[in-house]
Amino acid sequence: MCGIIGAVSNSNVLPVLLGGLKRLEYRGYDSSGLAVINEPGKFLRLRAPGKLVELERAVSANGEISGLTGIAHTRWATHGPPTEQNAHPHISGGRIALVCNGIVENHEELRTLLTDEGMEFQSETDTEVIVNLIFLHMDKGSDFMTAVRTCIGSLKGAFALGIVNADEPGRIIGARRGSPLIAGIGEAGVYLASDISAMIAQTRKFIVLENGDIADIRQGKIEITNLDGQLQNRDTRISDLKPQAMEIGDYRHYMEKEIFEQGQAVSDTLEGRITASRVLEACFGTEAERIFDKTENIQILACGTSYHAGLVAKYWLESVGMPCQVEIASEFTSRKHPTPKNCLVVSLSQSGETIDTLTALDYAKHCGYAHSLAICNVPDSSLVRNSELILMTHAGPEIGVASTKAFVTQLVALRLLSIIMARKNSSSDLDEADSIRELRELPANVESTLELEPAIQEIAQQFANKQHALFLARGIHFPIAMEGALKLKEISYVHAEAYAAGELKHGPLALVDQDMPVVSVAPNDAQLDKLKGNIEEVRARGGKLIVFADSETRLSSRENLQVINIASVESSIAPIIFTIPLQLLAYHVALIKGTDIDKPRNLAKSVTVE
Ligand code: G6P
């Protein structure tokens, strides 16, 4: 979380910093700040609690802010509330300014040490120990780079840093340990940022810093070394990110745009991966065939929405005979467990930078899991670089904090994996050509399901004054209900819980009354009759049900039961289709409630702290 942008340019860096922060705001948005070297030896710093617009206001109110070197930050608070004082950049001794994304685990110990040295702290953040430590080393005679190196050597934790020295305009030092950081090379300047989107208006040319890298960034020259000062060779890459893909267009929110882009996102994710009758195994990587051939079981690791995609995949994979475990990444690392033989670890992540998922993958490797596959939406992300096999979802940039199109494309990718696993199992009865046909029809089915929006908009009114909602489903649709409940709570702040419908009578039924809307999805599958029974259990207790049902189920509206029919689809792709009305429901409830849909309170899109 937290976004970093820094620039050394031959013109005023202020627009670069503000533009960069705008694109990084998804990483955290509780406060922001910037510092520029206005003249040698002098910083101009502005910080503001609240969203970026508050910083922009402060900038306008402050007249001319200009400089050729600067750093900026958008924060997701960890240590200390989101006040102006705790916002970055932090400055020490009037000479060193620093922005940080991450956590310094030994900050208390360092704070004591620095206080004993007579240093004073202005904030409650862990970050301030870093800038004070660098200043202290410089005060004792170290040059800028040596002071940064010595400081980093004494830090524990995972972080990315951007540091400037007021006495050395034209230079930024960037350092990475854990949290993502890239350096960019443009016509007019050089840049440092948490991701390429922040600098895409300036350049497409960038270098991904590896863990342990320290980048000395000056106009016309970027030198990367390690902690010991040894030069590190890093490839220069060219991003294919299109700035227009990040524009909101005529939509009210990015989330709305991203929901409506899902048909295209599905097509893009399928493109080049399937023939008329076959999934192309090589699209997972050159080693895919060898690795898949010997895979005996699969361990999926993910967080949040990506975890729900993993839960759906378990049903698909097990139905073709591939044993599959799915675990929340942060829980996977919390205990010792036996390492299964020939196990493929599949990590799922939109961003590829979620620290819990990265740590879980590292842990799996450490435990001796045989191979790794990343299903991810961001090229060059840490997850992609740390995995043997890769399948990129081609959802395009996802800006809304609540994940939508990334989820749907993850499901598509996981379906492709399941089809391959079915092919390898002679006792599986899955027909590959049929499965491909169903996938080919998926974009059109997604588009037609989106046409339900007006009906869902009306239903959303019923949630306007509700505090709680229950989501029920069975089988492979239980994770879809979980995802629906997550969407609703994330953006509308309605407390929503998903239950496997069979569990209803074991507890949650006690909550059902007319103030607890119950949402269910009813595909036309083997679970339908049992689900119908559960629906009746709710009705019998005065509960009000909203059911999204496959038109073949013949469920119809009556007292306390509102049915919204969805065109019938094959059961293999039904979980993807049933996701869509739940996304639209959450979106419209949030719209009615007037919440900040793209930036829900307290959350961030890329979670780079454990
Ligand atoms: C955060 C986001 C969620 C996302 C989760 C995992 O919590 O708010 O939308 O599902 O992280 O992110 P990832 O990038 O790993 O899929």
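Helices and strands in this text are DSSP runs, with at least four residues for a helix and at least two for a strand, numbered from the N terminus. The model described here is a predicted one.

By that numbering, Pro 89 belongs to the loop between β4 and β5. The peptide bond that leads into this residue, from His 88 to Pro 89, is cis, with omega near 0°. Ala 87 is in the loop between β4 (69-75) and β5 (90-92) as well. Ala 87 has a relative accessible area of 0% and is therefore buried. Beyond its neighbours within four places in sequence, Ala 87 makes contact with Ser 31, Ser 32, Arg 47 and Arg 75. Its C-alpha is 9.4 Å from that of Leu 46, and the two residues are 41 apart in sequence.

Helix α2 spans residues 52-61, and its buried residues are Leu 52, Leu 55, Ala 58 and Val 59. They sit on the same side of α2, because the arc they cover around the axis is only 115°. An α-helix has 3.6 residues a turn, so residues three or four places apart point the same way. The packing partners of the buried residues of α2 are α1 (14-24), β2 (31-39) and β3 (42-49). Ser 60 and Ala 61, on the other side of α2, are exposed. Just after the helix comes Gly 63, with a positive phi of about 65°.

Helix α3, residues 107-116, can be read in the same manner. Its buried residues are His 107, Leu 110 and Leu 114. Their arc around the axis is only 65°, so they lie on the same side of α3. These buried residues of α3 pack against β6 (96-104) and α4 (127-139). Glu 108 and Asp 116 are exposed, and they are carried on the face of α3 turned away from its buried side. After α3 comes Gly 118, with a positive phi near 95°.

Positive phi values also occur at residues that are not glycine. Asn 342 is one of them, with a phi of about 50°; Asn 342 is placed in the loop between α10 and β17 (343-349). Asp 380 is another, with a phi of about 65°, and it is placed in the loop between β18 (371-376) and α12 (382-385). Asn 342 counts as partly exposed because its relative accessibility is 24%. Asp 380, at 23% relative accessibility, also counts as partly exposed.

Aromatic rings come next. Searching the whole structure gives four aromatic pairs. One of them joins Phe 284 and Phe 292 edge-to-face, at 5.2 Å centre to centre and with 75° between the planes. Phe 284 and Phe 292 are both buried. Phe 332 and Tyr 363 form an edge-to-face pair too, with centres 5.9 Å apart and planes at 85°. Phe 332 is in helix α10 (residues 329-332) and Tyr 363 in helix α11 (residues 355-367), so this pair ties together parts that are 31 residues apart in sequence. Both of these residues, Phe 332 and Tyr 363, are buried. Ring pairs also bring in Tyr 369, making a cluster of Phe 332, Tyr 363 and Tyr 369.

Two arginines lie over aromatic faces. Arg 111 is over the face of Phe 121, 4.2 Å from the ring centre. Arg 601 is over the face of Tyr 493, 3.8 Å from the ring centre.

How many disulfides does a search of the whole structure find? The count is zero. Cys 100 is in no disulfide, and the nearest cysteine sulfur, in Cys 2, is 7.3 Å away. The cut-off for a disulfide is a sulfur pair within 2.5 Å. Cys 100 is buried, since its relative accessible area is 1%. For Cys 283, the closest cysteine sulfur is that of Cys 376, and the separation of 15 Å is too far for a bond.

A last buried residue is Glu 438, in helix α14 (residues 432-450). Is Glu 438 buried or exposed? Its relative accessible area is 9%, so Glu 438 is buried. Not counting residues up to four places away in sequence, Glu 438 touches Glu 570, Ser 572 and Ile 573.

Technical notes: Residues numbered from 1 in each chain as written. Predicted model: local features only at pLDDT ≥ 70, side-chain atom pairs only at ≥ 80, totals over all residues. Heavy atoms only, no water. Buried < 20%, exposed > 50% of the residue type's maximum accessible area, 1.4 Å probe, protein only. Contact = heavy atoms within 4.5 Å. Arc of directions from axis to C-beta. Phe/Tyr/Trp six-rings, centres within 6.5 Å; stacked < 30°, edge-to-face > 60°. Lys NZ or Arg CZ within 6 Å of the ring centre and 35° of its normal.
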